[in-house]
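Grab the model and work through these exercises at your own pace. Each one sets a task and then walks through a solution.

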Amino acid sequence: MMSEGIFTQQCVSYPFGENFIDRLAEDMVAARISQDNDFSRIACVFGGKRPALFLRRALARKIKKPFYPPAIFSMDEFIDYLAADTLGSPIQSLDTAYAIYRLAGKCAPQILARREKFSQFLPWAEEIAAFIEQLDLESIDNEALKEIEKSARIGYDVPESINLLLTHMQKIREGYHRMCKEQKVSARGWKYLNAAKIIRDKTITDFDTVVFANLYYLHKSETVLIRELLHRNQALCVFQGDQNRWSVLKNNAKNLGVTIIPRGTEEKEEPCYRFRAAFDVQSQVCAAREIVKQELTEKEDTVIVAPHPQTVVPLLCEITPYLDELNVSIGYPLRRSAIFVLFESLRTIQETRKNDTFYTKDYLVFMRHPLVKNMRIIDEEAVTRVIVHKLEEFLTGIQKSSISGSLFVSLDAIESAKEIVSSAVATLAGMGHQTDEKQCQNVLARLHAVFFRQWDDVDDFASFSAVMDTILDGLVEKSKIDRFPLALKGIEKIFQINEELRTVSFCKEKFTLEEMWGIYRQKLEGARIAFHGSPLKGAQVLGLFETRSLNFKNVIFLDTNESVLPKLTIYEPLIPREIMLNLGLNRLEKEEEIQHYQFRRLTAGARNVYLIYQENREKERSRFIEEIIWEKQKTSHTLKVEGIDNVAFALKVSSSQKHIDKTEEMAEYLRGEEYSASRLNTYLNCPLQFYYRYVLGFKEREELLEDPEAHTIGTFIHELLEETFRRFKNKKPQFDKKFSRYFFGRLDEKFEEEIAKRMRSDAYLLKKIIVNRMERFLKYESSRRVARIVSLEEKRRDILSVGGKEYSFNFTVDRIDELDDGDIIILDYKTGGTDVSPRGYAYLKDMAMDRLSIRDALKSFQLPLYYYFVKRGFPDCRVNAQIYNLRTLTRHSFIGEGDFAFRDEIMKICLDAIVAVCNEIFDETVPFAADPDERRCQYCPFAGLC
C-alpha cells in the first residue's frame, strides 16, 4: 500500500535549489515504503534520457538493498510506447524531405522554380518538415492553415515564391500525413499528434501512475495527453519552480488545471557566483582549466556546460590531465573534424573534374590528407607516405617531369610517370625499405581505384552508398584512423549517414553525381558526433539541455555570451514570423525563457557557479549574467560586484628588433663567397633577410601549381626577349612584319608551354596584357637608334679590386646595345614599377658611408656594377647603364646627362659604398639585424621567421 505522500496529489513542485532527482527519489521511497520496494508499477517520464540513470542511482542509495525500479522514459519514448500499436516505423529525415519535395512539385510546380533539383530544394524541404512538425506538436488543425492560405493569396510581405508555398501548405501537410498512413511510417510530430488523438481511448494497464518529472515547456499534444491521464487519476506532475516566476509554468498550470507553487521547504543558501572575463576561446578553456586544477574540491560532482560545440575539443585538451573521470555528452559538429575535411576534399575533386582529368591542386589536397597518405596499402604506411610526397614534388615542379605544373592531370598520366615510382623506390631504400617499382605502382593504382575510379558509373544513391562503403572500409582497414578518436567518431557517424542513403525510399532513382554530392554534403554539415562515457562517474561535460533535472555542486558555464546563451534564431526562416505568431507559435519568446529557466534551475542548485564569457569588441556577456549581477547589486546596495576576474596570461615579450649574432665561422664563410648585385642589395635592404637567404641557404620554394607571380612573368619575358632577339646579335635589329610574326608566334608557344597550363580562365586575360605590352615594346624599339646588339643575357664573372682588396662578382647583363653614334648602353630590363636608379651626383657626393645612407642614395648596386665591369671592355666609348622599364617604356640612366662630367667621381663613390657594405658583411661585431619596412616585409618570404 502507498503511504501518504506525493502520490496522493496530482501536482507538486520543488523549489529552485532542491536536488530534483534526490527529492523525487526520497518522495518515491517514502510513498512505497510498505511495498517491498517494488516500483515497477510506476512510470517516470522526463524530458530526456539522461535523468533515468541518476534516478536509479538515487533510489539505490536510499533503499540500500535490491528493488524493482520504475519504468523510466523520455517523453519521445513514452509517445512511442503509447502509439506503438497505431504507428509504423520511424521515417528517415531524407525520406521526409523527398516526400515534401514530390508533394510540392505535385501541388504547385511553380514552387520549384530555380530549385528543380532535390539537392536545391532540400533546405526548403527541411524547413517545411520542421514547420509541419511544429503544427503537429501543437495539434494545430488545418482550419488555421486555411486562414493563412487566404492571407497568402492576398500576399504577405515576403517573396512571391513563399506566398505561393503558403497557399499550398495545407495540401502539402495533408499529403504528407496521407503518405505516413499509407506507408506506415511516422515522424516525431506525427507521433505526438496521433498520441494526443488516441489517448482518450487508450487504456494504460502496465502502470498505476505515470510521473511526468520536471517537464517545462509542453506542446499542446503533450498537454492533451497529460491532462487526460490527470483526469483519470493516473498521472502525477512534478515540476520545479513557481508559476508566478515563470510564464511557461503558469501556462502549464492553466492548461492542466493544477497549481505549480512550491510549498513547505526552506530557502537554500545562495550559490557562490564567480565570473571570468576571457578574450577568446582559448583563454576561456584555460580559465576552466585553472578552476578545475586549483579551486574545485569535489571534482566528481562537477558539470562543465559548453553551449557552443566548438569549445569542446580545446576544453578537453586543457582539463583532461586534472580529472580522474570525465564524461562528455554533447553533440560535436562533424564539419569540424578531420574526416569531414577528407570527404569535403573528395567532393571538391569530383566537382572540379574535367572529363578524365582532375584539377591538380584538389587532387594533391586530398592525397596529402593524413588519413590518405598514411594508409597501409603494403606493409608499412611509410611506403604510401613517400609515394604521396613524390607525387607532390613532381606535380608541383620541385622535380621535373612530363606532368610537372599541369593544371589538370589524368590518373593514367600519373600512374605512367615512371619518375615518381623510381624516385620513391630510391627514397625508401635510403630509409631501409626494400620496395620495387611494381609495388609502388600498385600502391598508387590502389589509391586511385579506391578513391577516384569508382565514381564513373554512379547514378543513384544505391551505387553512391556502395562506393562510399568501399571508401569507408578502406579507411578503417588501412588508415591510421584508430589513432584519432575524434576522426573515429566521425567515421562512425558517416557510416550511419551512408546506411540512411542506402535505405532511403528513392535510393534507386536517378540523380547526377553533382546532385548526390550536394545532398551528401548537406547531411554531413548538419551531422553531430556523439561522445560516449559513463554519466554516473566523474565530472560531466554537457550541453545546456542535457542538464535538465540534474544537479551538481560545481557548475562551470563556458560561452555565457549573447548569441550563445541564449541562442536565438533572430532571422526569419522560410515561414515568416508573422505567420508563426498567427498560429500561436512564438518560438523566439518561448526559446529564450526555456533556456533562461534551465540556466537558473541548474545554477540555483549548485554550491559554486563559475560563469566564463568572452569580452571584446564583437562579444558581450549574456543577459543571464547581467540579471545575476543586478540581483547581487540590489542585495548589496552597491554597484560594485565582487568576483569578476579578467583572464590574463603572463607573457615575456621579446624585442621586436630581431637580430642574429655573427660568428667568426660565418664571417670566414662569407669572405670566401662570390657576390652579385642582388646579393649586396639584399643586405642593403635587410641584413637579416641576407642571413636567411645566403648564410642559411633558405629560399622560397617555387610552386608550379600556384598562379604565376610577378617574378615568373618577368622571367618569361626575359627569356622570350633573349630567344627572339638572338638573331640580331652583332646586327642592327629589324622590326618588320616577318619578325613580328615570329616574335608573337613564339610568345604564343612559350605561353602555352610555361604559363597557360598553370592557370584557368584568367590565362587569356594575362596573355592579352603581355601581348599588348610587347606590341608597344616592339614599336618603341623600332624608334631607337640601335646600330647593333652587342650581347644578350651574358653571364660574366670578374674581380672588383678596391683599396688593395679583391671581391669576386658574378652578374648577368640583360642586353648591351651600340647606338648609331657609337655610345654603348647597358640595359637592365624591369617588368615591375620599382625605381632602383641611383640619385644624382649632387646627392651622392655628400652621402655617408653607412648602410642606411647608401640604401637611400644608391638604392641598388645593379647599374654601378654593370657600368664598372662593362666599361672596362669599351675604354674608348661613351658608356652608360639604364633601367629599361618594359611596362612604362621609360629608361632611367645611371649617370644623367648633367652629371656625365662627374662620372669618375660617381663611380668612385659607388665603389667606396660597395667596400663599406662588404666590410660590414664581414665584420664579426655587426649582427644580422632586421630592418623593418612595411612594404618590403609584406612580401618577404622569411617574414614568419623574423
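**Exercise 1. Work out whether F725 and F728 are buried or exposed, and how their rings are arranged.**

Before you start, note that this is a predicted model.

- Step 1: Check accessibility. The cut-off for buried is under 20% relative accessible area, and both F725 and F728 are buried.
- Step 2: Now widen the view to aromatic pairs. A search of the whole structure turns up 66 of them.
- Step 3: Start with the pair F506 and F511. Their ring centres are 6.0 Å apart and their planes make 65 degrees; over 60 counts as edge-to-face, so that is what this pair is.
- Step 4: Do likewise for F725 and F728. With centres 6.0 Å apart and planes at 85 degrees, the pair is edge-to-face.

**Exercise 2. Find out how buried F506 and F511 are, and which aromatic cluster they belong to.**

- Step 1: Look up F506. Its relative accessible area is 0%, so F506 is buried.
- Step 2: Look up F511. At 9% relative accessible area, F511 is buried.
- Step 3: Trace the cluster. F506 and F511 sit in one aromatic cluster with Y98, Y101, F118, F121, W124, W455, F461, F464, W517 and Y520.

**Exercise 3. Find which ring faces K662 and R878 lie over.**

- Step 1: Take K662. This lysine lies over the face of F928, 4.7 Å from the ring centre.
- Step 2: Take R878. Here the ring is F900, and the distance to its centre is 3.9 Å.

**Exercise 4. Describe the second largest cavity: its volume, its lining and the character of that lining.**

- Step 1: Count cavities. The whole structure has 2 cavities of 30 Å³ or more.
- Step 2: Get the volume. The second largest cavity comes to about 30 Å³.
- Step 3: List the lining. The residues are S676, A677, F809, N810, F811, L865, Y866 and F869.
- Step 4: Map them to elements. β21 (805–819) and α35 (862–871) are the elements that give two or more residues to this lining.
- Step 5: Sort by character. The lining has 6 nonpolar residues, 2 polar ones and no charged ones.

**Exercise 5. Pick out the backbone oddities at P566, D559 and E793, and place each one.**

Keep a rule of thumb in mind: most residues other than glycine have a negative phi, and most peptide bonds are trans.

- Step 1: Check the bond from L565 to P566. This peptide bond is cis, with omega near 5 degrees. P566 is in the loop between β16 (554–557) and α24 (577–582).
- Step 2: Check D559. Although D559 is not a glycine, its phi is positive, at about 55 degrees. D559 also belongs to the loop between β16 and α24, and it counts as buried at 2% relative accessibility.
- Step 3: Check E793. Phi is near 45 degrees, again positive in a residue other than glycine. E793 lies in strand β20 (residues 786–802) and counts as buried at 18% relative accessibility.

**Exercise 6. Decide whether the chain is more spread out than a compact globule.**

- Step 1: Take stock of the elements. The chain has 37 helices and 25 strands.
- Step 2: Compare radii of gyration. The chain has 39 Å, well over the 30 Å that the globule rule gives for 946 residues, so the chain is more spread out than a compact globule.
- Step 3: Box it in. Along the principal axes, the C-alpha atoms fill a box of roughly 125 × 70 × 65 Å.
- Step 4: Add burial. Of the 946 residues, 52% count as buried.

Note on methods: Residues numbered from 1 in each chain as written. Predicted model: local features only at pLDDT ≥ 70, side-chain atom pairs only at ≥ 80, totals over all residues. Heavy atoms only, no water. 1 Å grid on protein atoms, 1.4 Å probe; cavity = no way out; pocket = protein on both sides within 12 Å on 5 of 7 lines; lining within 4 Å. Points joined across faces, edges and corners; volume = space filled by probe spheres on them. Helix = DSSP H or I, 4+ residues; strand = E, 2+ residues; numbered from the N terminus. Nonpolar A, V, L, I, M, F, W, Y, C, P; charged D, E, K, R; others polar. Phe/Tyr/Trp six-rings, centres within 6.5 Å; stacked < 30°, edge-to-face > 60°. Buried < 20%, exposed > 50% of the residue type's maximum accessible area, 1.4 Å probe, protein only. Lys NZ or Arg CZ within 6 Å of the ring centre and 35° of its normal. Rg over C-alpha atoms; globule rule 2.2 N^0.38 Å.
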